[in-house]
Each structure stands twice: as structure tokens, then as C-alpha cells.
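Please look through the structure below before reading on. The paragraphs that follow move from the sheet and its helices to the helix pairs, and then to the ligand.

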Amino acid sequence: MSAILRTNNRNATAPEIVIITGASAGLGRATARAFARRGARIGLIARGPDGLEGARRDVESSGGTALVLPADVASAAEVEAAAERAERELGPIDIWINNAMTSVFSPIAEMEPDEFKRVTEVTYLGVVYGTLSALRRMGFPSDEMTGHGFRAMARTLLAERLAMDEAVIEAQLAHAVKDALGRAYNRTEYLDQRLKMLQTWADYLDRLREGAEVIPIKQRRARHPSSRPLRTPVEQAER
Ligand SMILES: NC(=O)c1ccc[n+]([C@@H]2O[C@H](COP(=O)([O-])OP(=O)(O)OC[C@H]3O[C@@H](n4cnc5c(N)ncnc54)[C@H](OP(=O)(O)O)[C@@H]3O)[C@@H](O)[C@H]2O)c1
């Protein structure tokens, strides 16, 4: 599961506009209920009409507004059409949660190539398509920024500009942690520090948007008073 958040032009007093893929069951449906309790306006993406209808009822009885958006996340065109309809009917998307997945429970020797292909199309490409549709609407057209480019930029700025602890950055952004068990289960490592880091990141982007710290990169260390020297993780721990 991954999430893309709008950090610009966000009206903090308005209900959040949230899109959730795989919203008709499991974690996606539970996430929809949790946002509904905050009064959010939620676009529900999945394929099965019965599950979607159940999720719509859940959201409305929990205090949110629901828009059912039937779509297969393995289709870029369907994801884009759902995003477009969501913006038209709910408003500018604040949060996009890529949660839809499919898997095959089988001895590996019995798996068919088409099954691997389908899992990849839904669980990997579905995240790519969702991320691109979200970023386009949050001010990053695909010719300007890709999902991975966004990650690389955040990784660099968090470490070099905001002097965040690299272990915390990696826990937030990494594709995988080192050991196999950690990969499967360590979802909340450094959670408190990560929440603080995300707030710092959002505040930093707000300041950039206002133009307060936009300066030529080559001159940054020499001239800008708030430039900080790079610190190693050990130096950061000693601060
Ligand atoms: N369950 C676990 O043990 C576990 C552990 C770690 C992480 N996770 C992660 O948690 C997330 C959700 O898992 P879950 O267990 O809650 O799954 P789940 O109960 O099987 O629900 C999957 C959801 O995705 C939707 N979906 C499946 N294929 C889709 C497609 N092609 N297009 C659009 N929607 C699709 C399903 O609805 P339709 O079939 O109607 O489309 C359903 O709403 C996944 O990202 C998974 O990797 C789960």
C-alpha cells in the first residue's frame, strides 16, 4: 500500500478528498471507514459492484461522502477516467491511496505465466497508474515528474536540505528493508519520527511555494543563511 499526498493548495478546514483503490474489501475498506469518520469525501475504486456498494454504505454511515468508481487498476485508462470523474464530482484530490492488489496462493511450480503477469499488472502497474493519475492532479504532469523521480527528489532533499535521519527516511521511502522478515512485517518502524518528518517536509514545500527559500542551487551553501551542513546519522543522533 502506498499513498500520495497533496502538500500545496490544501484547504486545511475543508473535508479531505481521498481516493482509495481496492476500497471494497479488507484494508482498503477499513481505511475508507477511518477517513469517513473524519468526514472525508472518498472515491472508492474496485471492480466488484457488491463490495463497492457495501463500502459506500460503510462510508456514509460513518459520516463521510462516498463516490463509487468502478475500475480495474491494471488499466491506465480506467484509472485516469476514475481520477477525472472523482475530481469533477468531489473536488481536488488531496490523498490517493494505492491499496488494490491481487495474489495467487499456489505452489510455485503450479503457477502459470499468465498468473504472474496478472499479479504484476494489478499490484505493480496499478500502483504506477494510480501514482501518475494522482501526481498529474497535484501539479506534477507526467512529463515533468514520475513517481520514482518524486521519490528520488524527496530522498535527496530530506537528507541534504532538511538533515533528516537517513534511517527514518529509508523506513518511509525504501522499496524494501534488508532482511526478509523485516520486509514482510516492519511497516511501522520509526512511525513517530516519520510523522514528524512528513510534517517538516510539508512545511518545507509550503515555504518553497511561497518563494522564501527558492535560490540558485549552486549558491545555496555559500549564501543562504538557513543552509545546514550535511550531517552523518551519528552526528544527528548526538545533536
Ligand atoms: N492481507 C494481508 O495479509 C496483507 C499483508 C500485508 C500487506 N497487505 C497489503 O494490503 C493491501 C490490501 O490487502 P487486503 O488483504 O486488504 O486485500 P483484499 O481483502 O483481497 O482486498 C483487495 C481489494 O482490491 C480490489 N482489487 C483487486 N484487484 C483489483 C483490480 N484489478 N482493480 C481494482 N481493484 C482491485 C478488490 O476488489 P475487487 O476484487 O472487487 O476489484 C478489493 O477491494 C494490499 O496492498 C496488500 O499488499 C495485505
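## The sheet and the helices on it

Helix α1 lies across strands β2, β3 and β5 (95–98), and α1 runs at about 170 degrees to β2. Helix α3, made of residues 76–90, also packs on the sheet, where α3 touches β2, β3 and β4, and its direction makes about 155 degrees with that of β4. As in everything that follows, the description here concerns a predicted model.

The sheet itself is open and has 5 strands, which follow the order β1-β5-β2-β3-β4 with mixed pairing. Because β1 (2–5) and β4 (65–70) stand at the edges and each has a single partner strand, one side of each is left without a neighbour in the sheet. From one strand to the next, the twist averages 15 degrees. Strands of a sheet pair through backbone hydrogen bonds, and they may do so in either a parallel or an antiparallel way. Here strand β2, residues 17–21, runs parallel to β3, and 5 bridges join the two strands. One position where this can be followed is I17, which stands opposite R41 in β3.

## Helices packed against helices

Having met α1 on the sheet, the reader can next turn to its helix partner. Helix α2, residues 49–61, packs with α1 at an angle of about 25 degrees, the axes of the two helices being 8 Å apart. Angles under 35 degrees count as roughly parallel, and α1 and α2 are therefore described as roughly parallel to each other. The crossing in which α1 passes α2 is right-handed. On the α1 side the contact is made by R29, A32, R33 and A36, and on the α2 side by A55, D58 and V59. Sorted by class, this contact of α1 with α2 has 4 nonpolar and 3 charged residues, but no polar ones.

Helix α3 likewise has a helix partner in α4, residues 113–137, and the axes of α3 and α4 come within 9 Å and cross at roughly 35 degrees. This crossing, in which α3 passes α4, is right-handed. From α3 the contact takes A76, V79, E80, A83 and E87, while α4 brings Y129, G130, S133 and R137. By class, the contact of α3 with α4 has 4 nonpolar, 2 polar and 3 charged residues.

Further along the chain, helix α6 (residues 166–173) packs with helix α8 (residues 191–210) at an angle of about 90 degrees, and their axes are 10 Å apart. Since angles of 65 to 115 degrees count as roughly perpendicular, α6 and α8 are therefore roughly perpendicular to each other. Where they meet, V168, A171 and Q172 in α6 face Q193, R194 and M197 in α8. The residues of the contact of α6 with α8 divide into 3 nonpolar, 2 polar and 1 charged.

## Around the ligand

Which residues are the closest to the ligand? Among the 22 residues that surround the ligand, the closest are G22, G26, R47, G48 and A100. Two elements already met on this tour, α1 (26–36) and β3 (41–46), each supply at least two residues of the shell around the ligand. Of the elements, α1 gives the most to this shell, with 3 residues. In terms of class, the shell around the ligand has 11 nonpolar, 9 polar and 2 charged residues. Helix α1 thus connects the parts of this account: α1 lies across strands of the sheet, packs with α2, and contributes 3 residues to the shell around the ligand.

Key
Residues numbered from 1 in each chain as written. Predicted model: local features only at pLDDT ≥ 70, side-chain atom pairs only at ≥ 80, totals over all residues. Near = placed C-beta within 6 Å. Helix = DSSP H or I, 4+ residues; strand = E, 2+ residues; numbered from the N terminus. Nonpolar A, V, L, I, M, F, W, Y, C, P; charged D, E, K, R; others polar. Pairing = 2+ DSSP bridges. Axes fitted to C-alpha atoms, helices over the stretch in contact; angles between N-to-C directions. Contact = placed C-beta atoms within 7 Å. Left-handed = near helix turned anticlockwise from the far one by under 90°. Parallel < 35°, antiparallel > 145°, perpendicular 65-115°, else oblique.
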